[in-house]
Amino acid sequence: MAPVHLFEIKMLDGSRYRGEIAYKDDKMIVLRLSDSCEPELGIKIRLFYNGIMSIQELGWRRRLSKSVREN
């Protein structure tokens with residue numbers, strides 16, 4: 001159960017993504033989605049700043065182990 005720093009990113013088209021920032025530079029953010037089952041193999045998406053409306057910090061949360069998520 002490792003702690004994860006969660007963020008919610010709102011896009012201009014109205015979609016929202018919640019997860020951990022895996023990479024960040026001056027053009028884009030790579031977000032590891034929080035609902036992915038394996039953190040090492042989790043889904044990562046690229047979000048470019050020209051499509052982002054807001055970035056909200058949700059704080060630190062514990063990542064649930066696989067056995068807890070399956071129950």
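Which side chain makes a polar contact with the side chain of Glu8? In this predicted model, the partner turns out to be the side chain of Arg18, at 3.3 Å. The two side chains also meet in a salt bridge, with the N to O distance again given as 3.3 Å. Arg18 lies in strand 2 (residues 16-24) and Glu8 in strand 1 (residues 3-11), so this pair ties together parts of the chain that are 10 residues apart in sequence.

The two ends of this salt bridge sit in rather unlike surroundings. Glu8 has a relative accessible area of 10% and is buried, because anything under 20% falls in that class. Arg18, on the other hand, comes out at 41% and counts as partly exposed. Leaving aside residues up to four places away in sequence, Glu8 touches Arg16, Tyr17, Arg18, Ser54, Ile55, Gln56 and Leu58. Arg18 thus turns up once more, this time on the list of residues that Glu8 touches.

The backbone tells a matching story. Glu8 lies in strand 1, and its bridge partner in strand 2 is Arg18. Strand 1 and strand 2 run antiparallel and are joined by five bridges. Together they form a hairpin with four residues between the strands, and in this hairpin Gly14 takes a positive phi near 100°. Strand 1 also pairs with strand 5 (residues 52-62), in the antiparallel sense and over nine bridges. Here Val4 stands opposite Arg61 of strand 5. Several of the residues that Glu8 touches, among them Ser54, Ile55, Gln56 and Leu58, have numbers that fall within the range of strand 5, residues 52-62.

What about other charged pairs? Side chains of opposite charge can pair when their charged atoms come close. The count for the model comes to two salt bridges. Besides the pair of Arg18 and Glu8, Arg32 forms a salt bridge with Glu20, and the closest N and O atoms are 3.2 Å apart. Arg32 lies in strand 3 (residues 28-33) and Glu20 in strand 2, so this pair ties together parts that are 12 residues apart in sequence. Arg32 is buried, with a relative accessible area of 18%.

Taken as a set, the salt bridges both involve strand 2: Arg18 of strand 2 is matched with Glu8 of strand 1, while Glu20 of strand 2 is matched with Arg32 of strand 3.

Methods. Residues numbered from 1 in each chain as written. Predicted model: local features only at pLDDT ≥ 70, side-chain atom pairs only at ≥ 80, totals over all residues. Heavy atoms only, no water. Salt bridge = Lys/Arg side-chain N within 4 Å of Asp/Glu carboxyl O. Helix = DSSP H or I, 4+ residues; strand = E, 2+ residues; numbered from the N terminus. Buried < 20%, exposed > 50% of the residue type's maximum accessible area, 1.4 Å probe, protein only. Pairing = 2+ DSSP bridges. Polar contact = N/O pair within 3.5 Å; in protein donor to acceptor, adjacent residues only side chain to side chain. Contact = heavy atoms within 4.5 Å.
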